[in-house]
Amino acid sequence: MRYRIRKCIKCSRYTLQDRCPECGSETRIAHPPRFSPEDRYVKYRLIAKSILKKQ
Ligand SMILES: [Zn+2]
């Protein structure tokens, strides 16, 4: 399963929405951090999980 995680340009909140649910500002796609090929998406997935729990 793939998520399009977005990040608020103002308050840096992670969301899946085009607009930040906190401040209503524009969000941008948050790219997964590049550590090693194996855990490249681990943190990304954890963030996605926490977002899905909240919403
Ligand atoms: Zn915001």
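How many Å should the 13 residues of H1 span at 1.5 Å a residue, and how far apart are its end C-alpha atoms? In this predicted model, the expected span is 18 Å and the end C-alpha atoms of H1 sit 19 Å apart, so the two values agree.

That helix belongs to a simple layout. The protein chain holds one helix and three strands, and read along the sequence they come in the pattern β-β-β-α. Not much of the chain is tucked away: buried residues account for 9% of its 55 residues. As for contacts between residues at least 6 apart in sequence, 21% of them join residues at least 24 apart.

Helix H1 itself, residues 42-54, is hardly covered, with one buried residue among its 13. Ala-48 has its place in this helix. Ala-48 has 20 other C-beta atoms within 10 Å, and it therefore counts as buried, since the cut-off for that label is 20 or more. Leaving aside residues up to four places away in sequence, Ala-48 touches Tyr-3 and Ile-5. Another pairing runs to Leu-16: Ala-48 and Leu-16 are 32 residues apart in sequence, yet their C-alpha atoms are 8.3 Å apart in space.

Over in the strands, Thr-27 lies in E3, which covers residues 27-29. Thr-27 is buried because 21 other C-beta atoms lie within 10 Å. Its list of contacts, again not counting residues up to four places away in sequence, takes in Arg-6, Lys-7, Cys-8 and Ile-9, along with Thr-15, Gln-17, Asp-18, Arg-19 and Cys-20. Some of these fall within other strands: E1 spans 6-8 and E2 spans 14-15. Thr-27 also pairs up in space with Lys-10, at 8.3 Å from C-alpha to C-alpha and 17 residues apart in sequence.

The loop between strand E1 and strand E2 holds Ser-12, where the backbone does something worth a look. Most residues other than glycine have a negative phi. Ser-12 is not a glycine, but its phi is positive, at about 65°. Is Ser-12 buried or exposed? With 11 C-beta neighbours inside 10 Å, Ser-12 counts as exposed, because the limit for that label is 12 or fewer.

Put side by side, the residues picked out here sit in a helix, a strand and a loop. Ala-48 is buried in its count of neighbours, and so is Thr-27, whereas Ser-12 is exposed.

Conventions:
Residues are numbered from 1 along each chain as its sequence is written. This is a predicted model: local features need pLDDT of at least 70, side-chain atom pairs count only at pLDDT 80 or more; totals for chains, interfaces and linings use all residues. Helices (H or I, at least four residues) and strands (E, at least two) are DSSP runs, numbered from the N terminus. Two residues are in contact if their C-beta atoms, placed from the backbone, lie within 7 Å. The expected span of a helix is 1.5 Å times one less than its number of residues.
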